Protein chains: 2
Amino acid sequence: MNFLSLFCAFLCLTPALAIWPRPQNLTTGSTPLRLSSTFSIKFSGIKQVPSDLSDAAKRTSSFLKTDKLQSLTPDRGASSSSAVHSARTLSSLTLKLNSGATVNSLSSEATQGLGTQDESYSLQVPANGGSAVLSANTALGLFRGLTTFGQLWYDLDGTTYTLQAPIQVTDAPAYPYRGFMLDTSRNYFPVADIKRTLDAMSWVKINHLHWHVVDSQSFPLIVPGFEEISQKGAYSSAQVYTPADVKDIVSYAAARGIDVMAEIDTPGHTAVISQSHPEHIACPDATPWAQFANEPPAGQLRFASPATTTFTANLIKAASSMFPSKLFSTGGDELNQNCYTKDAQTQQDLASQGKTLEQALDTFTQATHSVLLDAGKTPVVWEEMVLEHQVQLSNETIVLVWISSDDVAAVAQKGFRLIHAASDFFYLDCGGGGWVGANINGNSWCDPFKTWQKAYSFNPTANLTDDQAKLVVGGQQLLWTEQSGPSNLDPIVWPRAAASAELFWSGPGGDVRTALPRLHDVAYRFVQRGVKAISLQPQWCALRPGACDIDA
Amino acid sequence: MNFLSLFCAFLCLTPALAIWPRPQNLTTGSTPLRLSSTFSIKFSGIKQVPSDLSDAAKRTSSFLKTDKLQSLTPDRGASSSSAVHSARTLSSLTLKLNSGATVNSLSSEATQGLGTQDESYSLQVPANGGSAVLSANTALGLFRGLTTFGQLWYDLDGTTYTLQAPIQVTDAPAYPYRGFMLDTSRNYFPVADIKRTLDAMSWVKINHLHWHVVDSQSFPLIVPGFEEISQKGAYSSAQVYTPADVKDIVSYAAARGIDVMAEIDTPGHTAVISQSHPEHIACPDATPWAQFANEPPAGQLRFASPATTTFTANLIKAASSMFPSKLFSTGGDELNQNCYTKDAQTQQDLASQGKTLEQALDTFTQATHSVLLDAGKTPVVWEEMVLEHQVQLSNETIVLVWISSDDVAAVAQKGFRLIHAASDFFYLDCGGGGWVGANINGNSWCDPFKTWQKAYSFNPTANLTDDQAKLVVGGQQLLWTEQSGPSNLDPIVWPRAAASAELFWSGPGGDVRTALPRLHDVAYRFVQRGVKAISLQPQWCALRPGACDIDA
């Protein structure tokens, strides 16, 4: 046995199939199997296959033909040629329901509400050819299984094959919320970029787009009844999301098992509203900005004003009704007190009502949240709303922990459900240098760069009691776009954002050592599918699992 | 006077034309001027216009039509509409030689040798319409002037205009070497990516591509007479540069005023040669790699072997003859001594010749450099060859300082010309996290990320005497590609690499505060031309010069 075969004995026989996220249960064999030239995906025993589900099956069929991904080995599969070409053929994949003959649409299941969904599935790919079987209780389960099926195969000279049949998978997510957050305010992203991102998210079973759609810099969302805000506050009339765009994005997402949780960040992060509604904004464009905001431009909603409160509640009602999701974020981060201290109107409003700033914030928050609760939606907020302010929140409220992972326990202690989004693990924008001007040696505020390994190694239940651990609904990586735009969206996000996708699907405890070869596969497959994922290592390393490990 | 017009009084009237790099002399007025719909670029008094120069003029004409770059102001130029549409028109740009009627081709001038070139030009754009005049002594000078002319204009509803006529420029570079280094070994880049990069380089007057074409991980360069190296050492038969590709790249570069300085890094960084020539490589793929190399895989040329020395000299002769450049780099960085200590053949070679390792390295270096000197080429080496080793080098040798800017003075003290390439200022790959596997908290070895501000603020003559300062031929930013590939080439390089382009063209002392608005312009114009430069700031900031400065 030479070195290479010893190497292979160690690695090639492990169930290292490039499935991402790692299934809960996976067994593989060592029999080559190839797809028949007439391979097809079929539905069995389902009365009326929803069109979004049959479309998903068609996309999977298409990827099987177009991925053309060679195996990540030094010879890219060439030495397996005779085994591949003499392998038995798989003629079809059959999709079945575990019981019953009817199934909801994938889109309706995707948006029906956090924690109500059943994404489990099981998949059998036999070694002796014939048909593979994918079964689930729901359309969503079948969709997740299709995604897995699409990751089993490599290409060799036009033949689509695996060397590891039979393959058995039973799978279900560890957490119901697996997200990705995109900020479309600091810089604008065309609809096509968002759709491509949704595709990529679905390939690693991410099921929530947290869309931080507006902020102080620009307001690209055209909200019916509030058109003037984007008319004056979008970067241009072309850099907007129309109601039709939103519908398009939302349905595109839902058809890929993704719920779109939009955010109108309030009462801070709203400077741009001053362009159309100066009466509602305190300290608009105030300088020096550093005294009035965490970044320019300064400007916050006058939440002590009853008129502003009504305006905001109506805005949130109108904006949230554009999205079918049961989740909607009202933000609540980084309130600047000095802005209000210096704002005569706010001081007058407080005085006339005999309220403190915190009491006024409570009134405001209850008003803006009640429109969501009335609509059967769950308010989502950034952590300051429970850790820094004295506001009454519905028990249903979900809290995004962002400032530090150290704050998780404090949020859980308050009894709120929470989404992991901590900057010290999950911020994709960190480490790109300071973006503020006239600052030669400025570094990123959240240095260093957050590697995929960092996100991957996060422990979602660290420092939590068993009861508190149940409050964790999942987590996400996030892209704030001060230094990002369409030019670097793909490479700054992928394959890094797959790290949290696996963490919150497969559960914690994954090993970066065995994950890396699979993550290379994700990146290389994404590139084949038109998503510009970066190379995590020299290709030499990507083709030789383990050879570039620190101790290799 | 309201706040906005006060703001404009301060900024809008300064000669902030978005020319990058900043010309040595620039005066501007405040008269609107637009290009005639029949605008053309003409040559006057030149007997036979070289085709590469007339092609360059055609490209400039094309960019004037296709850039469609709106001014970076909040209203994107709309408020200037009547001024623009009633402006006088410029009918043509006339290119002239300062004396004589004949001119060399741009391509021949681009490759004729460092320091022999005259890139100076002058440009007059009158305020009253008519014709602009660009004059120079050389094709290269005319080309640089065309590049400047292409940066003067914005688009408003299909009209190409400036608000700052008349414009006078006299210009010439501070340093003859302004480079960009690309590593095509760790990950491969298709020819189209390299050509797009050459285009982008030329737009900011970078005149050298330092092409680190091969390394330990892969050998994509097909060298005539040494085809077996790339046959076994390229990542695949598709991931190669054929002699025809090289010719294509070299001539594409030369036609854009760029000389291609190739590098065959020796004797280290050569592990991959062991695939075709195991007899020439010590410690191939030795493990643990960290004891034998700075990164995997280990393997270095057996420079104590006369046969290996001859092989290498012939390889360098063949490779260097593929490139018309007078510069060729033989590398010489990061030699690992342990590799040779443990290599029985090297120890035997040393013993039989009665040489120390350093003496053998001297013999090897003289042999490999003499083939360059014989061909009239200048050897270029990394700094270790003068600071860490005892080898005799021709006085002509140029040294790349990379380990630290602190090493510049020591290199200059030895009397060698030098190129600034220090990792602490110019490495574009730093700050992306550690790429070595099984290393959860690994950071980039050269953290933090090197911002454009960092490169821009470098002082090329710090700690040098006046005489030593004359040894500085220029500098460059560099992209090592362990974590880069075609997916992130543009966004990791641009607009950052424009920082050194201005530093070494315009000379040191530029102010990041006034540079940033112009650099936004570079980035936005690059995007219009198909190069995916990133957003350095939120668009809100890009449209409001100074408003996002740290002290604004």
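This is a chat about how the two chains of a predicted model fit together, and about some local details in each chain.

User: Hi! Before I get carried away, is this model predicted or what kind is it?

Analyst: Good place to start: the model is predicted.

User: Thanks. How many residues of chain A are in contact with chain B?

Analyst: 58 residues of chain A touch 58 residues of chain B. The area buried between the two chains is about 4700 Å², and carbon and sulfur atoms give 57% of that.

User: Which residues of chain A lose the most area there?

Analyst: Those are A:Ile440, A:Ser487 and A:Trp540, which together make up 13% of what the chain A side buries.

User: And what about salt bridges, how many run across that interface?

Analyst: Zero by the rule used, between chain A and chain B. Polar contacts are another matter: 26 residue pairs make them across the interface, with both partners at pLDDT 80 or more.

User: Which helices of chain A supply residues to the side that touches chain B?

Analyst: Helix 16 (452-456), helix 20 (512-528) and helix 21 (539-542) of chain A each bring at least two residues to that side. Helix 20 gives the largest share, with five residues.

User: What's the mix by class on that side of chain A?

Analyst: The side of chain A that touches chain B has 26 nonpolar, 24 polar and eight charged residues.

User: Now symmetry. What turn lays chain A on chain B?

Analyst: A turn of 180° does it, with a shift of 0.0 Å along the axis and an RMSD of 0.0 Å. The two copies are therefore related as by a two-fold rotation axis. The same surface serves both copies, as 100% of the contact residues of chain A recur in chain B.

User: Which residue of chain A comes closest to the rotation axis?

Analyst: That is A:Gly431, whose C-alpha is 3.2 Å from the axis.

User: Switching to domains: what does UniProt place at residues 19-152 of chain A?

Analyst: The unreviewed UniProt entry lists "domain: Beta-hexosaminidase eukaryotic type N-terminal" there. In the model, residues 19-152 of chain A are 28% helix and 31% strand, and the end C-alpha atoms of the span lie 7 Å apart.

User: And which annotation covers residues 175-507?

Analyst: For residues 175-507 of chain A, UniProt gives "domain: Glycoside hydrolase family 20 catalytic", again from an unreviewed entry. That span is 35% helix and 14% strand, with its end C-alpha atoms 8 Å apart.

User: Back to salt bridges. How many are there over all chains?

Analyst: The count over all chains comes to 42. One example pairs the side chains of A:Arg186 and A:Asp215, at 3.4 Å from N to O.

User: Where do A:Arg186 and A:Asp215 lie in the chain?

Analyst: They sit in distant parts, 29 residues apart. A:Arg186 is in the loop between strand 7 (177-183) and helix 6 (191-203), while A:Asp215 is in the loop between strand 8 (208-212) and helix 7 (227-233) of chain A.

User: Last topic, backbone oddities. Is the peptide bond from A:Asp447 to A:Pro448 cis or trans?

Analyst: That bond is cis, with omega near -10°. A:Pro448 lies in the loop between helix 15 (423-426) and helix 16 of chain A. In chain B, a cis peptide bond joins B:Thr287 and B:Pro288, with omega about -10°. B:Pro288 is in the loop between strand 10 (281-282) and strand 11 (300-301) of chain B.

User: What about the phi of B:Asp157, positive or negative?

Analyst: Positive, about 50°, although B:Asp157 is not a glycine. You'll find B:Asp157 in the loop between strand 5 (154-156) and strand 6 (159-171) of chain B.

Methods:
Residues numbered from 1 in each chain as written. Chains lettered and ligands numbered in written order. Predicted model: local features only at pLDDT ≥ 70, side-chain atom pairs only at ≥ 80, totals over all residues. Heavy atoms only, no water. Least-squares fit on C-alpha atoms with pLDDT ≥ 70 in both. Contact = heavy atoms within 4.5 Å. UniProt positions renumbered as here; feature names shortened; annotations may be inferred. Helix = DSSP H or I, 4+ residues; strand = E, 2+ residues; numbered from the N terminus. Buried area = accessible area lost by both parts, 1.4 Å probe. Salt bridge = Lys/Arg side-chain N within 4 Å of Asp/Glu carboxyl O. Polar contact = N/O pair within 3.5 Å; in protein donor to acceptor, adjacent residues only side chain to side chain. Nonpolar A, V, L, I, M, F, W, Y, C, P; charged D, E, K, R; others polar.
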